[in-house]
Amino acid sequence: MDGNRQHLFRTCEIHVAMRYKTRLSGILSQTFQRPAFGLAIFLPDGLGHLGRGPIAYMFTLCSHLRLTRFGLEPMRKPTTIEHLYLDFDGFFASVEQLRDPHLRGRPVGVIPYAGGGRTCIIACSREAKARGVKNIMMVDEARRLCRDIVLVPQKPDLYRRAHNALISEIGSVIPVDQVKSIDEVSCWLDETQRSEPTDLAQRIKNTIRYNIGATLTCSIGFAANRHLAKIASDTKKPDGLTIWYPEDVPAQLARLKLEDIPGIGRSMVKRLAAARVGDVPGLLALQPKQMRAIWRNVTGERLWYALHGYAVEAPETERNMFGHARVLPPDQRSLDDARAITRLLLVKAARRMRRSNFYASALYLWVKGFERGWGNVAPLGEVQDDMAILAALNELWERVTAVIPPMTKIMRVSVTLGELTLDTARQPDLFANDDKERQRCEALSRTMDGLNSRFGQTVVSVGPWAPPAGGNVGSKISYTRIPEAEDNW
């Protein structure tokens, strides 16, 4: 009997921690018996459909079994391609070339702010990459490799609008299943699309070319699950098309380096080397529990299932913070300038938090100089209004900067609102006895938010509102979060 069948035929007894009881609904007190698999499940009374939370996720990874409201079922292994993954090529620089015809065909580097001669390239065009320029490369080094590189300051709102237009065009060809980042999307394939992937990919590429512009190209991968489709899309760039049928995957993966697998970085390569795994074939030869042990969490086991072609889906993530960071322009790197910019970033983060109906219980501050950084945290007590948050920043700033030499040049500042609570679960602080004051301040903050939304810009704020040169306070190139229009107010 093979390993998979042994997993399926063994009996599993699962006890759910009672501390999750309040998060679950429905009633499922009976014991499921699956004669075909010899499987038994035992759940405490009152625990019903587990949804997509941590318990359901734990079950999903148990012995090739998938939890449904009717019990555990074998984890499905598709026999054909089911997912499309689309990754735009040099997205930010390509949008700049689309906006300005004079940049087309030229090496372009996107930098954080105008005149950033001592900063880094945060995105570059395919012409620049062909000359050896890479993302997150210092400008001086990029110029040594490519003397005629054209530097343009980032325009986050332009990229947001380009993203929305592209999603609309892709959606006219095939429904978009998930937007993974500002330049990556995935789609679920129906029966017809699975039989004609090349035609589908060409229709998407032509739609983008003729309805948006020829400078924006994309690489598309097809595979049995989303993770494999993403890996496939990265193997042929730019403007590539890669189709990995299930029977082709082992040979295709064997050609890659460990670093080519999403989820494997430098530190993980070292950890794998310590486990005597030096290449992808060695990785594929591991067992699920071995992967879990190396990763030291369930992510390694999930990756095993994904690489072996199972229909595994990532669990829904929960929001745990709102924050902003910014590299400061060369002429605004004093402590006073850094404080003013930090204040604006925090207000932006607080506005985002209120739009999502959260409260924060902690404020984190990080200030970085050329050689070292300083940071600290302040408790908040479940607040969301600007007044309480800014008051906490004033106290936290004094604590952090008390140990920073006065003439220190500040390179970067970062603020984060953490330990979040949904507004429906917020409990007033019995000891602070300030709930009436908090309600008044929250109403004032929401009124200001409404006025700013009505006029599409910051027209009212607590204290001065003086964005630094270059703008983009609270809005920047974001690879994981899709910016909102409000980020640019």
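**Rings, sheets and a helix crossing**

Let's start with the aromatic side chains: counting ring pairs whose centres lie within 6.5 Å, this predicted model has seven aromatic pairs. Take F88 and F91, for instance: their ring centres are 5.9 Å apart and their planes sit at 50 degrees, so this pair counts as tilted. Both F88 and F91 are buried. They also belong to one aromatic cluster, made up of F88, F91, F92 and Y159.

Another pair worth a look is F322 with F358. Here the ring centres are 5.9 Å apart and the planes make 55 degrees, so this pair is tilted too. It ties together distant parts of the chain, with F322 in strand β15 (residues 321-327) and F358 in strand β16 (residues 358-369), 36 residues apart. F322 has a relative accessible area of 1%, so it is buried. F358 comes in at 13% relative accessibility, and because buried means under 20%, F358 counts as buried as well.

Now for the sheets. One is an open sheet of five strands, ordered β11-β12-β5-β13-β14, and its pairing is mixed. Why do β11 and β14 each have one side without a neighbour in the sheet? Because β11 (178-181) and β14 (241-243) stand at the edges, each with a single partner strand. Going from one strand to the next, the twist averages 15 degrees.

Further into that sheet, strand β5 (residues 83-88) runs antiparallel to strand β12 (residues 184-188), and five bridges join the two. If you want a spot to find by eye, look for D87, which stands opposite E184 in β12. Helix α8 (residues 197-211) lies across β5, β13 (218-223) and β14, and it runs at about 155 degrees to β13.

There is also an open sheet of three strands, in the order β8-β6-β10, again with mixed pairing. Its edge strands, β8 (123-124) and β10 (150-153), each pair on one side only. Strand β6 (residues 108-111) runs parallel to β10, with four bridges between them. Within that pairing, I111 has P153 of β10 as its bridge partner. Helix α3 (residues 91-99) packs on this sheet and touches β6, β8 and β10, with its direction at about 110 degrees to that of β6.

Next, some backbone oddities. Which residues does a cis peptide bond join? They are K237 and P238, with omega at about -5 degrees. P238 is in the loop between α9 (226-234) and β14. That loop also holds D239, which has a positive phi of about 55 degrees despite not being a glycine. D239 is partly exposed, at 43% relative accessibility. I136, another residue other than glycine, has a positive phi as well, near 60 degrees. I136 is found in the loop between α4 (126-129) and β9 (137-138), and it is exposed, with a relative accessible area of 61%.

Last stop: a helix crossing. The axes of helix α16 (residues 386-401) and helix α17 (residues 435-455) come within 8 Å and cross at roughly 100 degrees. That makes α16 roughly perpendicular to α17. On the α16 side, the contact is made by D386, M387 and A388, while α17 brings R438, C441, L444, S445 and M448. Sorted by class, the residues in this contact are five nonpolar, one polar and two charged.

Key. Residues numbered from 1 in each chain as written. Predicted model: local features only at pLDDT ≥ 70, side-chain atom pairs only at ≥ 80, totals over all residues. Heavy atoms only, no water. Pairing = 2+ DSSP bridges. Axes fitted to C-alpha atoms, helices over the stretch in contact; angles between N-to-C directions. Contact = heavy atoms within 4.5 Å. Buried < 20%, exposed > 50% of the residue type's maximum accessible area, 1.4 Å probe, protein only. Parallel < 35°, antiparallel > 145°, perpendicular 65-115°, else oblique. Nonpolar A, V, L, I, M, F, W, Y, C, P; charged D, E, K, R; others polar. Phe/Tyr/Trp six-rings, centres within 6.5 Å; stacked < 30°, edge-to-face > 60°.
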